[in-house]
Amino acid sequence: MASVIRLNVAPIVGARRGAPQKSRNAAPIRAAAAAKKSDAAAASGQYARELEVATDAVRMASTLCQEVQAQLMRQDEQAETKDDRSLVTLADYAAQAIISWRIQQEWSDFTMVGEEDAEALTEGGEGGALTLSKIVKLVNKTLKLHKGMDAPELTSTEVVDLINKGGGAGGKGRHWVLDPVDGTLGFVRGDQYAIALAMMEDGDLKVGVMGCPNMPKIGEVLEYDSSYTYGFSPRLVSKMLAGESLGWYKGCIFTAVKGGGAYMLPCDPAIKADPLPVAVSKEFDPQAAKFCEPVMKANSSQGFTASVADNLGIESKPLRVYSQVKYGSVARADADVFMKFPKAGYKEKIWDHAAGVIIVEEAGGKVTDAGGAPLDWAGGRYLESLDRGIVATSTALHQRLMDAVSKSWSSSQL
Ligand SMILES: Nc1ncnc2c1ncn2[C@@H]1O[C@H](COP(=O)(O)OS(=O)(=O)O)[C@@H](OP(=O)(O)O)[C@H]1O
Ligand SMILES: [Mg+2]
């Protein structure tokens, strides 16, 4: 069945357009590359423990989320609506608890800015208590699965405390930043979502790990996956591919350490593969270029992004994908640009971007607001004084993108 989808499979990462040119002066380039590699190793070394813990935590949360998404698809479970009318599931709470648990194992005094809090569980009467008991079960089951004999049996009080670790105010100092299920709408629809964890010090992102359990290893499949583009549902595509022994075809974890580059590895711990370095798109060819944006019109002006893309000469339709998977797409050059322009007055939260941003930056990209300013991570739980929207692209294309945004802005009604 897999042959139904004819993929034009490019070299996997960072080399979408053509093979790299051979250099006449390869020796100095090799020396520079070696120096860069050792810088990267040194940089990663400084945060090696944080990277290891974050990757382990995100892996555990990914397994947990996959189980809950399967329950949702079978309609054994349902999403709930929070006070702010956004969706929440068992996975949002349980993933936050399990990631907090893993970090706490290592740094008992850690602080975290996380999306969820346990109020609806502790103050939500019988319904809240029932949901909490399911979350505790799920957390303990996942711990057993990953830690075996070493797994503790957490009580509901401990799980509530772990969820509430996400209530940090952020700001200066060292903080973890977590969106346990980013793109909850995609998650409940059986589509793309991400487990997005970052660590920052004094407003500087130092580590980012992003689990994308449904993200295909190869970018082109993401386009086929998108019902917006081709009418294939992700589950259908997964089914078509699953019949083949393709090994690692789906489920990616992106990692980045400041100054150490960005990498991609399989989500499934049973698949052994070395981390693959990822890099943003090298050249900008408008005819082949793609941009990605949120699926929902309510979250970003699709009219405005279409105008910016038009100014850049981009011809293809936008790749509309839920969650920070979009940052992963830019980081590994599936797409050249990511844009999000929410309605005036909407305040972006730091957990919706932190992990994705360091991954793109370490893959050679630049992420700023629409005025070209870097994002301010030290302002608390929100990205304060953000100018209009967020854009991510290669460092080389960034100024052209800024010019295109200005041009569109002056003729827009926003
Ligand atoms: N009105 C409005 N405008 C802009 N952004 C908003 C808005 N409301 C919510 N959010 C935040 O958007 C996060 C989801 O972003 P996505 O890129 O996944 O959006 S989309 O579902 O693909 O449209 C989503 O993250 P999750 O709640 O983790 O899914 C929200 O934090
Ligand atoms: Mg989010």
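**Exercise 1. The two domains**

What distance separates the centres of domain 1 and domain 2, taken over C-alpha atoms? Describe how the two parts touch.

*Solution.*
- Step 1. This is a predicted model. The protein is divided into domain 1, residues 46-277, and domain 2, residues 291-410.
- Step 2. Over C-alpha atoms, the centres of domain 1 and domain 2 are 22 Å apart.
- Step 3. Domain 1 puts 44 residues into the contact, and domain 2 puts in 30 residues.
- Step 4. On the side of domain 1 that touches domain 2, strand β6 (residues 204-216) gives the most, with 6 residues.
- Step 5. Sort that side of domain 1 by class: 23 residues are nonpolar, 13 polar and 8 charged.

**Exercise 2. The protein in totals**

How many helices and strands does the secondary structure of the protein come to? Add the figures for burial and contacts.

*Solution.*
- Step 1. The count is 14 helices and 14 strands.
- Step 2. The protein has 414 residues, and 47% of them are buried.
- Step 3. Take contacts between residues at least 6 apart in sequence. Of these, 73% join residues at least 24 apart.

**Exercise 3. Around ligand 1**

Which residues come nearest to ligand 1? Find out what supplies the shell.

*Solution.*
- Step 1. The shell has 17 residues, and those that come nearest are Gly-183, Pro-294, Val-295, Met-296 and Pro-342.
- Step 2. Look at the elements. Strand β4 (174-182) and helix α7 (184-188) each supply at least two residues of the shell.
- Step 3. Look at the domains. Domain 1 and domain 2 each give the shell at least three residues.
- Step 4. Look at the classes. The shell holds 8 nonpolar, 5 polar and 4 charged residues.

**Exercise 4. A sheet and its helices**

What is the order of the strands in the open sheet of 5 strands? Then place α13 and α14 against the strands.

*Solution.*
- Step 1. The order is β11-β10-β12-β14-β13, and the pairing is mixed.
- Step 2. β11 and β13 are the edge strands, each pairing on one side only.
- Step 3. Zoom in on one edge. β13 and β14 run antiparallel and are joined by 5 bridges. Gly-365 has Ser-394 in β14 as its bridge partner.
- Step 4. Add α13. This helix packs on the sheet and touches β13 and β14. The direction of α13 makes about 135° with that of β13.
- Step 5. Add α14, residues 395-410. Helix α14 lies across β12 (337-340), β13 and β14, and runs at about 140° to β14.

**Exercise 5. Enclosed or not?**

Why is helix α13 described as largely enclosed by the rest of the structure?

*Solution.*
- Step 1. Helix α13 covers residues 354-362. Its buried residues include Ala-354, Val-357, Ile-358 and Glu-361.
- Step 2. The count is 9 buried residues of 9, so helix α13 is largely enclosed by the rest of the structure.
- Step 3. Gly-364 follows α13 and has a positive phi, near 100°.

**Exercise 6. Two serines with positive phi**

Ser-323 and Ser-385 are to be compared. Is Ser-323 buried or exposed? Is Ser-385 buried or exposed?

*Solution.*
- Step 1. Recall the background. Most residues other than glycine have a negative phi.
- Step 2. Ser-323 is not a glycine, yet its phi is positive, about 75°. Ser-385 also is not a glycine, and its phi is positive at about 45°.
- Step 3. Locate them. Ser-323 is in the loop between β11 (319-320) and α12 (325-331). Ser-385 is in the loop between β13 (365-369) and β14 (390-394).
- Step 4. The cut-off for buried is 20 or more C-beta neighbours within 10 Å, and for exposed 12 or fewer.
- Step 5. Ser-323 has 29 such neighbours inside 10 Å, so Ser-323 counts as buried. Ser-385 has 11, so Ser-385 counts as exposed.

Methods: Residues are numbered from 1 along each chain as its sequence is written. Chains are lettered from A and ligands numbered from 1 in the order in which they are written. This is a predicted model: local features need pLDDT of at least 70, side-chain atom pairs count only at pLDDT 80 or more; totals for chains, interfaces and linings use all residues. A residue is near a molecule or strand if its C-beta atom, placed from the backbone, lies within 6 Å of it. Helices (H or I, at least four residues) and strands (E, at least two) are DSSP runs, numbered from the N terminus. Ala, Val, Leu, Ile, Met, Phe, Trp, Tyr, Cys and Pro count as nonpolar, Asp, Glu, Lys and Arg as charged, and the others, Gly among them, as polar. Domain bounds come from an automatic or database domain assignment. Two residues are in contact if their C-beta atoms, placed from the backbone, lie within 7 Å. Two strands pair if DSSP finds at least two bridges between them. Axes are lines fitted to C-alpha atoms, for helices over the stretch in contact, and angles run from 0 to 180 degrees between N-to-C directions.
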